[in-house]
Amino acid sequence: MKILIQAFVASLIIHLIYFLVVGLVGLIKTLTDKPNLSINQNSVSLQNNVAFGTVDVSNTFLYSFIGAIIDFYLLLRSMYGVKKAA
C-alpha cells in the first residue's frame with residue numbers, strides 16, 4: 001500500500017509540473033507578444049455573429065494520470081524488490 005501511495009504522489013507531482021510549465025509558457029508568450037498592426041491596419045473586420053455549442057471533454061489527462069500511477073507503481077515495486085505472495 002505504501003508503494004501505491006508513493007506512485008500516486010509521484011504521478012501527481014509530474015502532472016502538476018506539466019500543468020505549471022504549460023501555464024508559464026503561455027503566460028510568457030502572452031506577456032512578450034508584440035503584435036504587428038501596421039501590416040493590416042486597413043482591413044479590420046470584427047465578427048458580429050455568435051455561435052453557441054458544446055465542448056467535448058477529453059479524458060486524456062485522466063488516462064495519463066492513471067497510467068503514470070501504474071508506471072510508477074511498477075517502477076517502485078521493481079526497485080524495492082517486492083515479490084507477489086503466492
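How are α1 and α2 oriented to each other? Before I answer, let me say that what we are looking at is a predicted model, and I will keep to the packing of these two helices.

In this model α1 and α2 pack at an angle of about 135 degrees, and their axes lie 8 Å apart. Angles over 145 degrees would count as roughly antiparallel, and α1 and α2 are therefore oblique to each other. The crossing of these two helices is right-handed. On the α1 side the residues making the contact include Ile3, Leu4, Gln6, Ala7 and Phe8, while α2 contributes, among others, Phe61, Ser64, Phe65, Ala68 and Ile69. Sorted by class, the contact of α1 with α2 comprises 17 nonpolar, four polar and one charged residues.

Turning now to the core, the largest nonpolar core is made up of five residues, namely Ile3, Ala7, Phe65, Ile69 and Leu76. Both α1, which spans 2-31, and α2, which spans 60-80, supply at least two residues of this core, although α2 gives the most, with three residues. If we leave aside residues up to four places away in sequence, Leu76 touches Ile3, Gln6 and Ala7.

Finally, a word on Gly67, which is found in helix α2. Is Gly67 buried, exposed or partly exposed? Its relative accessibility is 25%, so Gly67 counts as partly exposed. The C-alpha atoms of Gly67 and Ser11 are separated by 8.8 Å, with the two residues 56 residues apart along the chain.

Methods. Residues are numbered from 1 along each chain as its sequence is written. This is a predicted model: local features need pLDDT of at least 70, side-chain atom pairs count only at pLDDT 80 or more; totals for chains, interfaces and linings use all residues. Side-chain values use heavy atoms; hydrogens and water are left out. A nonpolar core is a set of buried Ala, Val, Leu, Ile, Met, Phe, Trp, Tyr and Cys residues joined through side-chain atoms within 4.5 Å. Buried means under 20% relative accessible area, exposed over 50%, partly exposed in between (1.4 Å probe, protein chains only). Helices (H or I, at least four residues) and strands (E, at least two) are DSSP runs, numbered from the N terminus. Contact means heavy atoms within 4.5 Å. Axes are lines fitted to C-alpha atoms, for helices over the stretch in contact, and angles run from 0 to 180 degrees between N-to-C directions. Angles under 35 degrees count as roughly parallel, over 145 as roughly antiparallel, 65 to 115 as roughly perpendicular and the rest as oblique. A crossing is left-handed if the near helix is turned anticlockwise from the far one by less than a right angle, and right-handed if clockwise. Ala, Val, Leu, Ile, Met, Phe, Trp, Tyr, Cys and Pro count as nonpolar, Asp, Glu, Lys and Arg as charged, and the others, Gly among them, as polar.
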